[in-house]
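Work through the exercises below with the sequence and the model open. Each task is followed by a solution in steps.

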Amino acid sequence: MTEKGLAILEDIKAKHFPNGYQRHAQGGKDYRFSRKGQAEFKRAAKLQAIKHRQAIS
């Protein structure tokens, strides 16, 4: 990175994050790609399709 680029980034950080940036703790387990998560996604998609069909007719 160039000196100017770094200066721009520092300026943006100072402007938008005056107190510094801290990552928010993420709770829970991400299971979107597990078997359980995939099954839940499929079930939700089916329910959504049923709702849409009822809304149309």
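**Exercise 1: a pair in one helix**

E10 and K13 both belong to helix α1 (residues 3-16), where they are 3 residues apart, about one turn of the helix. The model is a predicted one.

Task: determine which contact E10 forms with K13, and how many salt bridges are counted.

Solution. Side chains of opposite charge can pair when their charged atoms come close. The cut-off is a Lys or Arg side-chain nitrogen within 4 Å of an Asp or Glu carboxyl oxygen. For E10 and K13 the closest N and O atoms are 3.6 Å apart, and the two form a salt bridge. By this rule the count comes to 1 salt bridge.

**Exercise 2: exposure in helix α1**

Task: classify E10, K13 and I12 as buried, partly exposed or exposed.

Solution. Buried means under 20% relative accessible area and exposed means over 50%, with partly exposed in between. E10 has 47% relative accessibility, so E10 is partly exposed. K13 has 47% as well, so K13 is partly exposed. I12, also found in helix α1, has a relative accessible area of 41% and is therefore partly exposed.

**Exercise 3: helix α2**

Task: compare the span of helix α2 with the expected value, then decide whether α2 lies largely in the open.

Solution. Helix α2 covers residues 35-56, which makes 22 residues. From first C-alpha to last, α2 reaches 32 Å, close to the 32 Å expected at 1.5 Å a residue. Of its 22 residues, the number buried is 1, so α2 lies largely in the open.

How values were computed
Residues are numbered from 1 along each chain as its sequence is written. This is a predicted model: local features need pLDDT of at least 70, side-chain atom pairs count only at pLDDT 80 or more; totals for chains, interfaces and linings use all residues. Side-chain values use heavy atoms; hydrogens and water are left out. Helices (H or I, at least four residues) and strands (E, at least two) are DSSP runs, numbered from the N terminus. Buried means under 20% relative accessible area, exposed over 50%, partly exposed in between (1.4 Å probe, protein chains only). The expected span of a helix is 1.5 Å times one less than its number of residues.
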